[in-house]
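Reader: Hello! I'd like a close look at one part of this model, namely the sheet and whatever packs around it. Could you walk me through it?

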Amino acid sequence: MASQRPGFPVRLTPTASAATRGRLPAVPAKPTVHSTPSMASDAVRARMVQRLAAQGIADARVLRAMGTVERHLFVDSALVNQAYEDTSLPIGLGQTISKPNVVARMIELLLGAPALAGKPGDRLGRVLEIGTGCGYQAAVLSHVAAEVYSIERLRGLHERARSNLRPFRLATVHLLLGDGMIGYAKGAPYAGIIAAAGGEAVPEAWIAQLAVGGRIVAPTQSAMGGQALVVIDKTARGVERRILEAVHFVPLKSGIA
Ligand code: SAH
């Protein structure tokens, strides 16, 4: 339950040290700038955004979204102190939340969809996310897209994402329990499709459900044996694929569990 979660970072408020214990200060300590958990997380998140920019994330929409969503509210309470580090973290049921740099990179690519070319301030229309996990990326996407449909195949994580996202009251995020391999035809066509799990190839259903001018960003098995990010654009001229850098994602699996 959100109200029982520890603040951020877990031990931020100085507790009496051995030396001072028993000696109460004559006047109450003045609150410092970082005295509340949310202000402390704001500062750490701002540093994460600076790091993302230094790593080459340039899209202001992405940096703003990454600076807005409180990542520490999506991870297990024992991992709260690592929430803004550049690392992937376990989210239960053998799955992981991608490191901030990868989330930012993929969303930046998504915003490069042909329909948005030359429109640096615009939002995407409807986006489909495959692999809701803890719901973090869906929350980030809600800041750059008009509507987010996010599918998860594991009931436990679908429910966890639901409770993680509830306090944010994001009316434009729709969580679905289902097999994302077949996409979600009812929400199609999508301006963007982003996958957080990697399969052998990009399913044909995703390409079919992509709008003209839309883009798919997905990790896929590469010829070398590992995974690579694949970008697929649908334009009036046809479908164009590009293979980018190597990545490490959990496997895309079929069926619901
Ligand atoms: N975007 C997530 C990361 C989740 S990890 C976040 O921000 O937390 C990838 C997720 O994809 C896992 O939860 C896994 O269960 C899910 N997944 C794998 N194959 C899937 C499929 N066919 N349909 C829907 N979800 C799938």
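Author: Happy to! Let me begin with the pairing of Gly-192, whose bridge partner in β8 is Arg-215. Please keep in mind throughout that this is a predicted model.

That pair belongs to the junction of strand β6 (residues 190-195) and strand β8 (residues 210-221), which run parallel and are joined by four bridges. Both strands sit in an open sheet of seven strands with mixed pairing, in the order β5-β4-β3-β6-β8-β9-β10. The edges are taken by β5 (173-177) and β10 (238-247); each has a single partner strand, so one side of each is left without a neighbour in the sheet. On average, and ignoring direction, neighbouring strands here are turned by 15° against each other.

Now for a helix on the sheet. Helix α3 (residues 100-110) packs there, touching β3 (124-130), β6, β8, β9 (227-235) and β10. The direction of α3 makes about 150° with that of β8. Elsewhere, helix α5 (residues 155-165) lies across β4 (145-152) and β5, running at about 160° to β5.

For a single-residue view of the sheet, take Ala-228, which lies in strand β9. Ala-228 has a relative accessible area of 7%, under the 20% cut-off, so this residue is buried. Leaving aside neighbours within four places in sequence, the contacts of Ala-228 include Ala-218, Pro-219 and Thr-220, and also Ile-243, Leu-244 and Ala-246. Ala-246 is 18 residues away from Ala-228 in sequence, yet their C-alpha atoms are 4.1 Å apart in space.

The loop leading into β6 deserves a glance too. Pro-189 has its place in the loop between β5 and β6, and a cis peptide bond, with omega about 0°, joins Ala-188 to Pro-189. On the other side of β5, the loop between α5 and β5 holds Arg-169. Phi of Arg-169 is near 45°, a positive value in a residue other than glycine, and at 75% relative accessibility Arg-169 counts as exposed.

What about the packing of side chains? In soluble globular proteins, nonpolar side chains tend to be buried together. Here the largest nonpolar core has 51 residues, and Met-66, Ile-107, Leu-124, Tyr-136 and Leu-141 are those with the most contacts inside it. Helix α3 supplies the largest share of this core, seven residues. Apart from it lies another core, of 19 residues, among them Tyr-149, Leu-176, Val-202 and Ala-218.

Met-66 shows how the surroundings of α3 come together. Not counting residues up to four places away in sequence, Met-66 touches Arg-45, Met-48, Val-49 and Leu-52, along with others including Pro-100, Val-103, Ala-104 and Tyr-136. Helix α1 (residues 37-54) has among its buried residues Arg-45, Met-48, Val-49 and Leu-52, and what covers the buried residues of α1 includes α2 (60-68) and α3.

Finally, α2 also offers a polar detail. Arg-61 is found in this helix and, at 10% relative accessibility, counts as buried. A polar atom of the Arg-61 side chain lies 2.7 Å from the backbone oxygen of Asp-122. Asp-122 is also one of the residues in contact with Arg-61 once neighbours within four places in sequence are left aside, as are Leu-111, Leu-116 and Val-144.

Notes:
Residues are numbered from 1 along each chain as its sequence is written. This is a predicted model: local features need pLDDT of at least 70, side-chain atom pairs count only at pLDDT 80 or more; totals for chains, interfaces and linings use all residues. Side-chain values use heavy atoms; hydrogens and water are left out. Two strands pair if DSSP finds at least two bridges between them. Helices (H or I, at least four residues) and strands (E, at least two) are DSSP runs, numbered from the N terminus. Axes are lines fitted to C-alpha atoms, for helices over the stretch in contact, and angles run from 0 to 180 degrees between N-to-C directions. Contact means heavy atoms within 4.5 Å. A nonpolar core is a set of buried Ala, Val, Leu, Ile, Met, Phe, Trp, Tyr and Cys residues joined through side-chain atoms within 4.5 Å. Buried means under 20% relative accessible area, exposed over 50%, partly exposed in between (1.4 Å probe, protein chains only). A polar contact is a pair of N or O atoms within 3.5 Å; within protein, one must be able to donate a hydrogen and the other to accept it, and residues adjacent in sequence count only if both atoms are side-chain atoms.
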